[in-house]
Amino acid sequence: MREVAIIGIGDTKFGELWDMSFRQIGIQAGLAAVHDAKLRAEDIDALYVGNMSAGRFIEQEHVAALIADYSGMARDFTPATRVEAAGASGGLALRQGYMAVASGMHDIVVVGGAEKMTDVPDGLSNDIQNSAADRQWECTFGATFPSLHAMIARRYMHQYGATREQIAQVAVKNHKHGSLNPKAQFQKEITLDTVLKAPMVAEPLGMFDCAPNSDGAAAVVLCSMEKARNYTDVPIKILASAQASDTLALHGRPDICTFRATQAAAQRAFKQARLEPKHIHLAEVHDNFTISELLAVEDLGFFAKGSGGKATADGQTLIGGQVAVNTSGGLKARGDPIGATGVAQVVELVTQLRGQAGKRQVADAKYGLAQNVGGTGGTVVVHILGVA
Amino acid sequence: MTSRVGIVSYGAYVPRFRIAPKEIGRVWGSDGEAMGKNLMIFSKSVPAPDEDVITISTEAAREMMQRVDVDPSRIGALYVGSESHPYAVKPSGTIVAEAIGAVPNLTIADLEFACKAGTAGIQMCMGLVASHMIDYGVAIGADTSQGAPGDPLEYSASAGGAAYLIGREKIIAYLNATYSFSTDTPDFWRREGQPYPSHGGRFTGEPAYFKHVQATAKGIMAKVGSQASDYQYAIFHQPNGKFPSRVAKMLGFTDEQIKTGLLTPRIGNTYSGAVPLGLAAVLDEAKPGDRILAVAYGSGAGGDGFDMTVTDEIEKVRGRSQMTMAKLLEKQEFLDYATYAKFRGKIRLKEGST
Amino acid sequence: MATARFWRENASMYNLIASRCTACGALQFPPRTFCPVCHRRSLGKMERFKLKGEGEIYSFSIVHEATADLEMQKPYVLAMMRMDEGVMLTAQVVDCKLEDAKIGLRVRAVLRLLSEEGPDGVIHYGYKFVPLA
């Protein structure tokens, strides 16, 4: 297996992009990444596209072919593959691209993620997102995607004595980071009070505990490490690419306050990278809900189980803290176009590791970790990147 | 070959929401409290948005099965009588039968005869069981009836149901005899597709309810050679609290005899559930040897009368369940008219996709 | 209309029919064709197992943003129930004041209306839970 590097990145702003269609956002990000890598279309061996549910959002399946076509790669009959794992679609697409290059199958691969969520009414959008859970045995009985996370939050508070305020701090922190990110959907800081007093979605989680619906796309270009410097002066190495699965339904787990798939994927990733959690000072984790970030930082090994809330409240996950988590603003403030998120996390890490993060730069960032989750932890993908 | 048959077990269910006549009157500009006094109805039951005749029947039938050790696969017939079946075509009975494990070797049908569809089912089971065509039959009377907004019926139309297991073994109350009196009398009706029933005003009294209930009562008592004083309990159909008291008096029954089985003042008129529920309340306290008269009435019109004798078995069956009518009726939560209208689908919602 | 997709699960939705691996004794709800623990050892050794219907709340949430089917009932209690037999499932808790919902509350299963596929569609029934007391 050869080493794989990221030689180009690109993304759109995330938000309600009324003027842009799905294909437009896909190619905007893709072209930016290809341009960043100084490539031409004929250099690209394959395309991987992460997308959760174009079939229901825009009544379009076969989206890899669509993106290949509209980004000009159909001219060269470039192979294109769509990858789906609910919220982990982007991270999983990256993993497929990584495996293609690492195995020697392909030399240069573009991985993109895109989702167009705002062409349907909110009610339908929520229902589409519900299909990340167990439709037949959770949703049929009244579970919504936020309510499943709300149950995690309540149990978490019950088991570890964490407070509502500690959970809410995740949103405050991520908005603070988001205010430093010109591509973020929300660039305004918010107060703890705003989070606590927000309209309830599923108690104890309110509107500000939940990532927004967003349109957006992100893309990266992968290349074998040995050829990377032909394209860029700042190649970023993928030190590890790992994945794990767990039960689809939350009620299939013995303990809902731990995502075992995060733990398993992280263990595999750290082993591959020959690193430990203590080496990581920069991470993009899947905060589709505030509580999810607390579970993530614990399950990844940054903080002891149950102490993530206190660590967040103490500022340990702010830029400058023990591990800067979600410097992009996270899903909460940066936005969460589902299929794009996993790729956008990596775009942020690369930006940081290249030293190009401007106001939100983490000093001396050497390694970065991205954790991307599908459903309530049925799929988790973890990547570790490092300066080459 | 025919054998004596009777009730082997019973179960009841009444939804816990209520609305008071005063609250209904408030919205429609009537003196609701006076209406309530006039009808002798002080509250009526309201089904939750996720309850209907099928869920009510299931709850009652499950309660009924819980009291006895009868293998549900021995049930040979199941009938659900109602005027508010969730489907116009597709029987409530199949879902109830599935939910109590009685499928597939049985006959099922849904019945309609206004408020006496449940008791009609009891009669059908009596025949099938007595003739040994089946071992056990289940008859359920349940309703989630509606009254048009602002109509007097709105003060009384309510929800609830009870289930009866009819058999030949371990009988808790013999069904000694049954008699029915039926004529074509259009006192109260609902056309297919109409959400609310219509009625003939004062025509529903003397030529309808009183004529048929009296004829049925006299008919069953003549059949068994009994008189009013022979009965410890009498249950009459109860569209309001007044009619049964009046007909009881006309027939020579005392308030004491009808008291236990008269639930309408507290829960409203549960239509096909009315006499079945009244009987369940009586069975909760009747002693071995007690004689019970039950006369159901259905608009359209007809009456089903039953003469029953309670046996020693009743103590065992009663002892198996924590639930009594008294306990069931304790759980009540009063609604305002807006919530009631929302629950009962009386508010016009947006149609089409979200 | 997703008629068959729900009809097929009636036994579990109405009567909480689970499966039990006779090789290792583990229970699964909803029922499975083979045991997720024993795998091949369980082939041909799975049996139907009816849950009693009683359990306790493991966690819950009061849902304010509901799906279209549950608009009439919001805010409602959604909970994960740990059944007495050990398996866990997800369902609404009804006939319970919102403030009375708590972790550890004993509940029992009842049959309620879950949803309907429009005014001319099939009605789906299934389990919900009520406080045991």
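In this predicted model, the contact between chain B and chain C is built from 17 residues of chain B and 15 residues of chain C. On the chain B side, the helices α3 (53-66) and α4 (92-99) each supply at least two of the residues that touch chain C, and the largest share, four residues, comes from α3(B). Sorted by class, the side of chain B that touches chain C holds six nonpolar, four polar and seven charged residues.

Elsewhere in chain B, helix α6 can be followed along its length. This helix covers residues 205-224, 20 residues in number, and the distance from its first C-alpha to its last is 27 Å, close to the 28 Å expected at 1.5 Å a residue. There is nevertheless a kink of about 30° in α6(B), and the centre of that kink is Lys211(B). The buried residues of α6(B) are Ala208(B), Tyr209(B), His212(B), Val213(B), Thr216(B), Ala217(B), Ile220(B) and Met221(B). The spacing of such a list can be read against a general property of helices: an α-helix has 3.6 residues a turn, so residues three or four places apart point the same way. As for what lies over these buried residues of α6(B), the cover includes the strands β8 (173-185), β11 (233-236), β12 (291-298) and β13 (300-310) of chain B, together with α7 (242-251) of that chain. After the helix comes Gly225(B), a residue whose phi is positive, near 70°.

Chain A also has a helix numbered α6, which spans residues 145-160 and has 16 residues. From its first C-alpha to its last, α6(A) reaches 23 Å, a value close to the 22 Å expected at 1.5 Å a residue. Because 13 of the 16 residues of α6(A) are buried, this helix is largely enclosed by the rest of the structure. Just after α6(A) stands Gly161(A), which takes a positive phi of about 70°.

The remaining part of this account concerns the interior division of chain C. Chain C is divided into domain 1, residues 17-50, and domain 2, residues 54-131, and the C-alpha centres of these two domains lie 26 Å apart. Where the domains meet, four residues of domain 1 of chain C are in contact with four residues of domain 2 of chain C. On the side of domain 1 that touches domain 2, the residues divide into three nonpolar, one polar and no charged.

Conventions. Residues numbered from 1 in each chain as written. Chains lettered and ligands numbered in written order. Predicted model: local features only at pLDDT ≥ 70, side-chain atom pairs only at ≥ 80, totals over all residues. Expected span 1.5 Å × (residues − 1). Bend = angle between axes of the 7 residues up to and from the residue. Buried ≥ 20, exposed ≤ 12 C-beta atoms within 10 Å, placed from the backbone. Contact = placed C-beta atoms within 7 Å. Nonpolar A, V, L, I, M, F, W, Y, C, P; charged D, E, K, R; others polar. Domains from an automatic or database assignment.
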